[in-house]
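Grab a pencil and keep the viewer open. Each exercise below gives you a task, and the solution then walks through it step by step.

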Amino acid sequence: MLRLAAALLVVLAAGFSLAYARTDKPVVVIERPGQCVEATEVMRRDHMKFLLHQRDRTMREGIRTPKYSLAACVECHASTKTGSVLGQDGFCQGCHSYAGVKLDCFECHAAKPKHLSAQARP
Amino acid sequence: MSDNSRRGFLGTAAAALAGIAIAPGIRLIELAGARAPEEPASGKVRWGMLIDTAKCATGCTDCVTACNKENGLHDTGQPRTDAQWIRKIDLKDLRSGRQHSAPVMCQHCAEPPCVDVCPTGASFKRADGIVLVDKHTCIGCRYCVMACPYKARSFVHENLTDQLPAVPRGKGTVEGCTLCVHKIDRGDGTTACADACKAAGHEAIVFGDLNDPQSEVSRRLREIPSRHLRGDLRLNTGVRYAGV
């Protein structure tokens, strides 16, 4: 019996250590510290809901308030190194690839802030 | 009060009255153009254009170039399928030989066929009369491309990069002239093509609120004869043409 319990313990411990060693947590770099539009906990859980509602308000009714606007997210969160929210350590993509959630906003939307966009360049 | 000072007072009073009379007109235009960012587009406004083909120069493509720049449309090396929001057409009367040219884009119909045929509700008309594609719900079936009598819709065939923040575009969706909706929502009260035409000195494109009798476009529509393209379809287009 004791031997069985010891074996179980070994297996469990190995399992835990494996689970922790499997994937590195994403590096979330906040380069422009300050208050986001909601508390961090709320943003982590619900940012997609805010974006979805704002998307319909903007598209259908022409309401372009900066709060919850995707362009405003990009303006603030784009990396100063790459100029983008995409890339391995990009603010959006870093977390999304860790969570295994497909991120297709940026197939159409600009991942770079306005001053780095094609229009701003000569 | 001497006669002189009374005259002076009357003059000032008349000037003040004139100021009041002018001020409401200007305010009306301002209100129509600039909407608060949190205020939804209103049905009181109907955005539209008058294109005076007599002033449109054959060979000039400034409106097309300006549209491409404003909306980030690039040449993808596939000219037959590249998106085209506005195009110049050349017209020739075979009997008289009279030639003229005009830009054609989405006519922003009051009764848009593209909206009727859309199976997902992606093609829609905004309250202020602008016909748009909600690319979040567009499935790329291209029914609207077929339904539009003006060939105003384009399908995006290629992967795109470097889109502008104000104009999201992507492969697999249909798009067309938005009447520079991002500029309207910003309160610019003008479109890239109208600006370019004015800058080129032609002023063939006049943009404005068709519902506002004080607006430049309404005034011009009252003054010169104009028509809807394919008026027989009774689509009540927002873009009107003079001289065709």
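**Exercise 1: A residue in a loop**

How does D162(B) count: buried, partly exposed or exposed?

*Solution.* Keep in mind that this is a predicted model.
- Step 1: Find the place. D162(B) sits in the loop between strand 6 (154-155) and strand 7 (174-175) of chain B.
- Step 2: Count its neighbours. D162(B) has 13 C-beta neighbours inside 10 Å.
- Step 3: Compare with the cut-offs. A residue is buried with 20 or more, exposed with 12 or fewer, and partly exposed in between. So D162(B) counts as partly exposed.
- Step 4: Check the backbone. D162(B) has a positive phi of about 65°, although it is not a glycine.

**Exercise 2: Another positive phi**

Work out where L179(B) lies and whether it is buried or exposed.

*Solution.*
- Step 1: Look in the loop between strand 7 and helix 5 of chain B, and you'll find L179(B) there.
- Step 2: Read its phi. L179(B) isn't a glycine, yet its phi is positive, at about 60°.
- Step 3: Count again. L179(B) has 26 other C-beta atoms within 10 Å, so it is buried.

**Exercise 3: One side of a helix**

Which residues of helix 2 (residues 62-71) of chain B are buried, and what covers them?

*Solution.*
- Step 1: List them. The buried residues of helix 2 of chain B are D62(B), C63(B), A66(B), C67(B), E70(B) and N71(B).
- Step 2: Look down the axis. These residues lie on the same side of helix 2 of chain B, because they cover an arc of only 140° around the axis.
- Step 3: Recall the geometry. An α-helix has 3.6 residues a turn, so residues three or four places apart point the same way.
- Step 4: Find the cover. It includes strand 2, strand 3, helix 6 and strand 8 of chain B.
- Step 5: Test a residue that isn't on the list. N68(B) lies in helix 2 of chain B too, but with 19 other C-beta atoms within 10 Å it is partly exposed.
- Step 6: Step off the end. Just after helix 2 of chain B comes G72(B), with a positive phi of about 70°.

**Exercise 4: A sheet and a hairpin**

Describe the sheet with the order 8-1-9 in chain B, then the hairpin of strand 2 and strand 3.

*Solution.*
- Step 1: Lay out the sheet. It is open, has three strands and shows mixed pairing.
- Step 2: Name the edges. Strand 8 (205-209) and strand 9 (239-242) of chain B each pair on one side only.
- Step 3: Check the twist. Neighbouring strands of this sheet are turned by 20° against each other on average, direction ignored.
- Step 4: See what packs on the sheet. Helix 7 (residues 216-223) of chain B touches strand 1, strand 8 and strand 9 of chain B, and its direction makes about 115° with that of strand 8.
- Step 5: Zoom in on one pair. Strand 1 (residues 47-52) and strand 8 of chain B run antiparallel and are joined by five bridges. Across this pair, M49(B) stands opposite F207(B).
- Step 6: Move to the hairpin. Strand 2 (residues 86-92) and strand 3 (residues 99-105) of chain B are antiparallel as well, with seven bridges, and L91(B) faces H100(B). Six residues lie between the two strands, and G97(B) in the turn has a positive phi of about 80°.

**Exercise 5: The cores**

How many residues does the largest nonpolar core have, and which have the most contacts inside it?

*Solution.*
- Step 1: Size it up. The core has 51 residues, and M49(B), I51(B), C63(B), C193(B) and I205(B) have the most contacts inside it.
- Step 2: Ask who gives the largest share. Helix 6 of chain B does, with five residues.
- Step 3: Follow one member. Beyond its close sequence neighbours, within four places, I205(B) is in contact with residues including M49(B), C63(B) and C197(B).
- Step 4: Look elsewhere. Apart from this core lies another, of 15 residues, among them L70(A), C73(A), L86(A) and A166(B).

**Exercise 6: Where the chains meet**

How many residues of chain B are in contact with chain A?

*Solution.*
- Step 1: Count both sides. 18 residues of chain B are in contact with 16 residues of chain A.
- Step 2: Sort the side of chain B. It divides into seven nonpolar, four polar and seven charged residues.
- Step 3: Turn to chain A. Its secondary structure comes to four helices and zero strands, and 18% of its 122 residues count as buried.

How values were computed. Residues are numbered from 1 along each chain as its sequence is written. Chains are lettered from A and ligands numbered from 1 in the order in which they are written. This is a predicted model: local features need pLDDT of at least 70, side-chain atom pairs count only at pLDDT 80 or more; totals for chains, interfaces and linings use all residues. Two residues are in contact if their C-beta atoms, placed from the backbone, lie within 7 Å. Ala, Val, Leu, Ile, Met, Phe, Trp, Tyr, Cys and Pro count as nonpolar, Asp, Glu, Lys and Arg as charged, and the others, Gly among them, as polar. Two strands pair if DSSP finds at least two bridges between them. Axes are lines fitted to C-alpha atoms, for helices over the stretch in contact, and angles run from 0 to 180 degrees between N-to-C directions. A nonpolar core is a set of buried Ala, Val, Leu, Ile, Met, Phe, Trp, Tyr and Cys residues joined through C-beta atoms within 7 Å. The arc is that of the directions from the helix axis to the C-beta atoms.
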